[in-house]
Amino acid sequence: MTATDMIAERPASAAVQHFDVLIVGAGISGVGAAYHLQTQRPGTSFVVLESKDTFGGTWVTHKYPGIRSDSDLYTFGYRFKPWVGAPIATAQEILNYMNEVIDENDLGRHIRYGHKIVDANWSSTDNLWTVDVARTDGTTAQFTTNFLFMCQGYYKHDQGYTPQWDGMSDFKGRIVHPQTWPDDIDLKGKNVIVIGSGATAATLVPNIADQTAHVTLLQRSPTYFVPGRNVDELADTLRQLQIDETWVHEIVRRKRLFDGDAFTKRAVEESETVKAELLAGVRMFLGDQFDVDKHFTPSYRPWRQRIAFIPDGDLFRGIASGKASVVTDEIERFTENGILLKSGEELKADIVISATGFDLSVMGDIPFAVDGKPVDWSKTVTYRGMMFTGVPNLAWVFGYFRASWTLRADLMGDFVARLLAHMQDKGFKKVVPALRPEDQSDELQPWIDAENFNPGYLMRGMHLLPKSLDKPEWRHTQDYWSEKDELPKVDLDEPALVYG
């Protein structure tokens, strides 16, 4: 039975709802996608399906103390909506900003909250996706759409990643993960261990230090950090000159992107110099007596993993004050009263916070099928990190690691709008990436080169992700500074895109 037949047979009260484009997720990417469709494709019908009861994605899922962006909002914010606050923003400030975008552009009427997608099926007979949904009120719904715009993110929202260490059941205290921060936790006067070395751990430690008896940052290996003032002097100067906020946003955005490009190149070409500069920033707060080599000197070159910004050096100031400490060692096992390290030292704790990252989620872990055949994403090849061989009329927003995620969300909003216009102009109903004859003998490679970027969540989940080839059409370059010029010029009639 075709999707069209199903629509005809269902009672009017349960009629399948059809939209030209169905956006999955009302986080930073989905809200941006809705804006670009409404602005660039007037007349296109679209809906945003969000499983939660509100917009925001990450910024409502995570509720741990001090949660903030690790990218500046001049680039993490949308290009079309000026940011007027401090560069590094709290979760609530980001939610307020997104709420303004939704209200100012009347996007709320397109968003359906409490709609969790349970499967998605493509029919080549009808050139339609059929999407089944479970609502939080216990009812179900079904949608059809010509094009799926996947903006649901890339990690599992329901729980974070916690390694299973020996003895965890022996621990008499409490173990929590920042991603599922409990409302009833009381840190006052407690000895707390925060396990981790990334941005979450670096955010948590200074934000709970004043509440605890003591907080210890326990890391297996160090991460690069860059401390600095949470201000933008150029933005402040432009505002003193009463420059319009739209101009301020664009000028500061361009300057930060220019500086980011230069820093990324230097991290590869002058890695030892950049490493020395980063460590000098740490020593500025902790002094020469602190063992920076042991606790804040990674074994890899800068930018092989994200470099977290430490606003006003709060993490290092907490350590320097004695309210917090850092221990670099491996966990042997949990004990009744804390954690035994491989060095033989035991750290006492009432509460252990496992800031150990998250688990990758490919396409929201939604079951997909094309003409009745389940889609195994690891068997596909990515088209420019956004579409996939053998899967028609679908695009996935996967942002940048070394630049703000939203930069790519904006670029993809442009690309999808241009692709839809191209299909309409040519009378096409379907587009699917396909390897060309000259690509067939090329060696399949991982989604991301581990020598270039290798955070734990990617290494653990790489087997789930699509493959790539060493050609521009078949890889996610992770290079905003190239893509910002290349994507708008992509020939939509190139042989890698097959229409029907």
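**Exercise 1. Which glycine takes a positive phi in the hairpin of E5 and E6?**

Some ground rules apply to every exercise. The model is predicted, so local features need pLDDT of at least 70 and side-chain atom pairs count only at pLDDT 80 or more, while totals for chains, interfaces and linings use all residues. Residues are numbered from 1 along each chain as its sequence is written, and side-chain values use heavy atoms, with hydrogens and water left out.

*Solution.*
- Start with the elements. Helices (H or I, at least four residues) and strands (E, at least two) are DSSP runs, numbered from the N terminus.
- Next, the pairing. Strands pair if DSSP finds at least two bridges between them. E5 and strand E6 (residues 140–150) are antiparallel, with six bridges. Tryptophan 129 has threonine 145 in E6 as its bridge partner.
- Now the turn. Four residues lie between the strands, and glycine 138 has a positive phi near 95°.

**Exercise 2. Describe the hairpin of E4 and E5.**

*Solution.*
- Strand E4 (residues 115–123) runs antiparallel to strand E5 (residues 128–135), and eight bridges join them.
- Take one position: aspartate 119 is opposite aspartate 132 in E5.
- This hairpin has four residues between its strands; there asparagine 127 adopts a positive phi near 55°.

**Exercise 3. Compare the settings of aspartate 371 and arginine 384.**

*Solution.*
- Recall the background. Most residues other than glycine have a negative phi.
- Aspartate 371 is not a glycine, yet its phi is positive, about 50°. Its loop runs between strand E17 (368–370) and strand E18 (373–374).
- Arginine 384, also not a glycine, has a positive phi of about 55°. Its loop connects strand E19 (382–383) and strand E20 (387–388).
- Apply the accessibility classes: buried is under 20% relative accessible area, exposed over 50%, partly exposed in between (1.4 Å probe, protein chains only). Aspartate 371 has 48%, so it is partly exposed. Arginine 384 has 11%, so it is buried.

**Exercise 4. Work out the order and edges of the sheet that contains E14.**

*Solution.*
- Three strands make an open, antiparallel sheet, ordered E13-E14-E15.
- Strand E13 (331–334) and strand E15 (346–348) are the edges; each has a single partner strand, so one side of each lacks a neighbour in the sheet.
- The twist from one strand to the next averages 25°. Here axes are lines fitted to C-alpha atoms, for helices over the stretch in contact, and angles run from 0 to 180 degrees between N-to-C directions.
- Strand E14 (residues 338–341) and E15 are joined by three bridges. Isoleucine 339 has leucine 347 as its bridge partner in E15.

**Exercise 5. Find the packing partners of helix H11.**

*Solution.*
- List the buried residues of helix H11 (residues 314–321): Asp314, Leu315, Phe316, Gly318 and Ile319.
- Contact means heavy atoms within 4.5 Å. The buried residues pack against helices H6 (199–208) and H9 (271–286), and against strands E10 (225–228), E11 (308–311) and E12 (324–328).
- Look past the helix end. Glycine 322 follows H11 and has a positive phi, near 90°.
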